[in-house]
Amino acid sequence: MLGTIVNTATVLVGSVLGILLKSRLPKKSTEIIFQVIGLFVVFLGIKMALEVEQIILMVLSLIFGSIIGQLLKLEDYLNRFAEFLQKKFGGNGNSFAEGFIASTLLFCTGSMIILGALEEGSGKTPTLFFTKSIMDGITSIFLAASFGRGVIFSSFAIFIIQGLLTLLVMFFGNFLSISVVNLIGTVGGVILLGLGLNILELKKIPVINMLPSLVLAGILGYFFA
């Protein structure tokens with residue numbers, strides 16, 4: 001769990017630094033950082049999605065996973081949770097929720113988190129999580145400088161999600177092939193693309209409702225990839 005703990009700590013520290021930076025930046029500088037982050041997320045999403053090998057499975061995962069998420073009203077529940085945190089810990093309501101959701105998706109969606117869990121859960125040195133820690137720590141500074149306090153709470157999401165994945169590998173072994181990991185990563189790329197469009201305010205996409213697609217991609221990939 002060392003890699004997960006380090007990753008959690010770097011995002012926590014980076015978020016605090018970003019909040020301190022936010023208070024010293026003029027509004028126009030905050031706005032341009034906000035736009036750059038949106039473009040970066042769009043680029044990252046496209047890059048991840050283009051690595052697809054099983055495009056039919058990816059499309060099926062996204063369609064049916066999004067339907068499941070819509071029926072479960074995941075977006076509504078997560079927004080309410082973000083509002084609860086905002087009331088408890090302060091901050092602007094809209095930017096708090098957006099920061100929490102955007103940073104959580106960015107740090108917890110993609111193949112790197114799965115490969116890192118497979119590496120650490122197998123008893124190896126968590127090199128991937130250490131690398132991810134540096135990347136996430138730097139990114140969290142700019143996210144917090146744009147969105148504020150909501151980004152801090154993504155560190156707890158990292159601890160829970162990465163920790164659970166690592167524990168699963170520790171107890172049940174390496175149960176995912178590279179092709180399955182790749183499929184989950186490409187689905188995550190499409191979700192990040194939607195997130196980037198949301199950040200840029202080009203289109204409102206309920207990306208939270210798409211999250212079951214990641215689980216469905218794992219299931220379909222396990223049986224058909």
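In the predicted model, buried residues account for 47% of the 225 residues in the chain. The accessible surface of the chain amounts to about 11,500 Å², and carbon and sulfur atoms contribute 72% of that area.

The secondary structure consists of 10 helices and 0 strands, so that the order of elements from the N terminus reads α-α-α-α-α-α-α-α-α-α. The C-alpha trace spans about 50 × 40 × 30 Å along its principal axes. For 225 residues, a radius of gyration near 17 Å would be expected of a compact globule, and the value of 17 Å found for the chain agrees with this. Of the contacts between residues at least 6 apart in sequence, 82% join residues at least 24 apart.

The chain carries 14 positive and 11 negative charges. The mean positions of these two sets are separated by 9 Å.

At the level of single residues, Asn198 was examined in its surroundings. Asn198 is located in helix 9, which covers residues 178–199. Its relative accessibility is 18%, and Asn198 therefore counts as buried, the cut-off being under 20%. When neighbours within four places in sequence are left aside, Asn198 is in contact with Lys203, Lys204, Ile205 and Val207. With one of these residues, Ile205, a polar atom of the Asn198 side chain forms a pair at 2.7 Å, the partner atom being the backbone nitrogen of Ile205.

Notes. Residues are numbered from 1 along each chain as its sequence is written. This is a predicted model: local features need pLDDT of at least 70, side-chain atom pairs count only at pLDDT 80 or more; totals for chains, interfaces and linings use all residues. Side-chain values use heavy atoms; hydrogens and water are left out. Helices (H or I, at least four residues) and strands (E, at least two) are DSSP runs, numbered from the N terminus. The radius of gyration is taken over C-alpha atoms; the globule rule is 2.2 Å times the number of residues to the power 0.38. Buried means under 20% relative accessible area, exposed over 50%, partly exposed in between (1.4 Å probe, protein chains only). Contact means heavy atoms within 4.5 Å. Accessible areas come from the Shrake-Rupley method with a 1.4 Å probe; for residues, only the protein chains shown count as cover. Lys and Arg count as positive and Asp and Glu as negative; His and the chain ends are not counted. The place of a charge is taken as NZ of Lys, CZ of Arg, CG of Asp or CD of Glu. A polar contact is a pair of N or O atoms within 3.5 Å; within protein, one must be able to donate a hydrogen and the other to accept it, and residues adjacent in sequence count only if both atoms are side-chain atoms.
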